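Subject: the structure you asked about

Hi,

Here is the structure, with my notes underneath. Have it open while you read, and shout if anything is unclear.

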Amino acid sequence: MTVEVTSIGDHVSIDDDATHLLFNTADSGLYRIELITRKLLVLIHDYGIEAARSLIKEDDIENVAEEKLSELKENKFLDPLPEFVPQETSPIMFASLNVSHDCNLNCRYCYGGGGTYAGDPCHMSTDVGELAVDRLFEWCDDSELLGINFFGGEPLLNVKLIQHLVSYATERAHAEEKKVRFSMTSNGTLFTDEIVAFLKESNIGVLVSMDGPKHVQDVNRPFRNGKGSYDVIADRLQSLLAVRPHLTARATLTKDCMSLSTLVDGLRDVGFTYVHVEPLTPYENCPFALSEEDFETLKDEYDKLGHIFLENILNGTPFGFSNILRTLSAIYTSGVRHYPCGAGKNLMAVDPMGGIYICHRFVGMEDFSMGTLNDPDFSIQKRLLQAHVDARDECRNCWARHLCAGSCWYDNYVYSGAIDRPHSPRCSLFKHIAALSMVIFSKLHEKDKALLDKMFRKHEPSYRRGEFPEDERT
Ligand code: SF4
Ligand code: SF4
């Protein structure tokens, strides 16, 4: 799938020998166009409509060009993008509860200091957990659908509190005629039959952090005693898979294993249907952080996997590569995002002591605090709401901005020291994956449009529109 990607103002054209695609940033619309339309759009962008007209007149394709110009106008390709006006405040609709600052694994890249966030290991108490749920209901205004994610450390080390809070929040939701969706991010080592039964009964969504086949997982995510965790997780997952056959793995990619297909095959072998891969966000002087060249190499890896993804989907083999699925979904639903996620906007992360932060990855970082459950301070919310993607210097002219929405605040912060200044190798990789996804979308559309309808008509992926953190890990 070798394609040429050319930015034309607020649009991007994606061309190979046979096909010309045009993506409209305004509404995430993807159009199959003819070469003349592409040529016309480039001229309009470079010289304006009238000059483009007179340049085209010198050619014998004038009549065709006029027709294509009308089409561009009709499809609003020539209109300026509507200005996005941010809200002043936002209700909190999602709570990520760090029910355990403790972990039985010792992942070599953990940003949470081995699960304890640089403090002593501890668990959230019932009082703090109930207060967090109460505050969620108080701060959600009239939102009818709320979300609670159980996070850590390893949240299942405090499963008793999770069980209690599920009942507590469900009762309160019932009394207030609201709904709560529960989810959990787990390292997968503690799925006993009893816990699996509870997860099923309570309809708790589970995202499992796992990095791939045994030789990768055991090095990246060993137990505290140094022993590899792969065998335990592969075994424990089976009872969960019996009740949740389509599980998602969230894998972290390091310099030591850059083969995406190796990671993905390893995860599919254990039973995962959906895989989301993110390059490691490194700590200072991290020896297995990706270099700028590594980000370039990854593009070929995504191309290979994109090909496998397409073949699998077309021949009916269940395989979801969510890095690609998210762009397919955005195109299908005309999804436009102005924020990378709900962090600080409609999401709060709560630590075991009742401290509030903009998201789970910022827990313990005072600059990103929103006070405490008893003494909240939402002043940072205004700043985050103003930092939407159309307002940022680095992003406002990027054709991928309404798909990417400016990249994870935390990743930006780690790389550049500013939450709204992105890391350009990541940007380049994101745009490569987005363009690849567009080619895949057009091939699916051409070969089996009904399949696209089936995949996305009722699809409400949790990562869309900042509803839930998209980048959770333990
Ligand atoms: S973070 Fe990078 S890819 Fe994303 S919108 Fe900004 S410039 Fe574009
Ligand atoms: S993308 Fe996820 S990890 Fe990044 S800032 Fe948003 S919620 Fe936090």
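A quick word on terms before anything else: two strands pair if DSSP finds at least two bridges between them. Also, please keep in mind that this is a predicted model.

With that in hand, take strand 10 (residues 204-209) and strand 11 (residues 248-253), which pair in the parallel sense over three bridges. One of those contacts is easy to find on screen: L207 has T248 as its bridge partner in strand 11. Now look to the other neighbour, strand 9 (residues 179-186), which pairs with strand 10 in the parallel sense too, over five bridges. There, T185 stands opposite L207 of strand 10. So much for the pairing; is strand 10 mostly covered or mostly open? Mostly covered, with five of its six residues buried.

These strands belong to an open sheet of 10 strands, and the pairing in it is mixed. If you want to walk across, the order is 13-12-11-10-9-8-5-14-15-16. Strand 13 (320-321) and strand 16 (369-372) are the edges, each pairing on one side only.

Next, the other sheet I looked at. It is open as well, built from four strands in the order 1-2-3-4, with antiparallel pairing. The edges here are strand 1 (4-8) and strand 4 (29-33), and each of them pairs on one side only. From one strand to the next the twist averages 25 degrees. What packs on this sheet? Helix 15 (residues 424-447) does, touching strand 1, strand 2, strand 3 (20-24) and strand 4. The direction of helix 15 makes about 65 degrees with that of strand 4.

Back at the start of the chain, strand 1 pairs with strand 2 (residues 11-15) in the antiparallel sense, over five bridges. Two pairs to click on: E4 has D15 as its bridge partner in strand 2, and T6 stands opposite S13 in strand 2. Together the two strands make a hairpin with two residues between them. G9 sits in that turn and has a positive phi of about 60 degrees. Is G9 buried or exposed? Somewhere in between: G9 counts as partly exposed because it has 16 C-beta neighbours inside 10 Å, while a buried residue needs 20 or more and an exposed one has 12 or fewer. For a sense of scale, G9 and C257 lie 248 residues apart in sequence and 37 Å apart in space, C-alpha to C-alpha.

Helix 15 deserves a second look. It has 24 residues and reaches 35 Å from its first C-alpha to its last, close to the 34 Å expected at 1.5 Å a residue. Its buried residues include R426, L429, H432, I433 and F441.

Helix 15 also brings us to ligand 1. Which residues come nearest to ligand 1? Of the 13 around it, these are C395, C398, C404, P422 and C427. Helix 15 gives the largest share of the shell, three residues, and helix 13 (401-404) likewise supplies at least two. By type, the shell around ligand 1 divides into eight nonpolar, two polar and three charged residues.

That's what I have for now. Write back if you'd like to go through any of it together.

Cheers

Conventions: Residues numbered from 1 in each chain as written. Chains lettered and ligands numbered in written order. Predicted model: local features only at pLDDT ≥ 70, side-chain atom pairs only at ≥ 80, totals over all residues. Axes fitted to C-alpha atoms, helices over the stretch in contact; angles between N-to-C directions. Contact = placed C-beta atoms within 7 Å. Near = placed C-beta within 6 Å. Nonpolar A, V, L, I, M, F, W, Y, C, P; charged D, E, K, R; others polar. Expected span 1.5 Å × (residues − 1).
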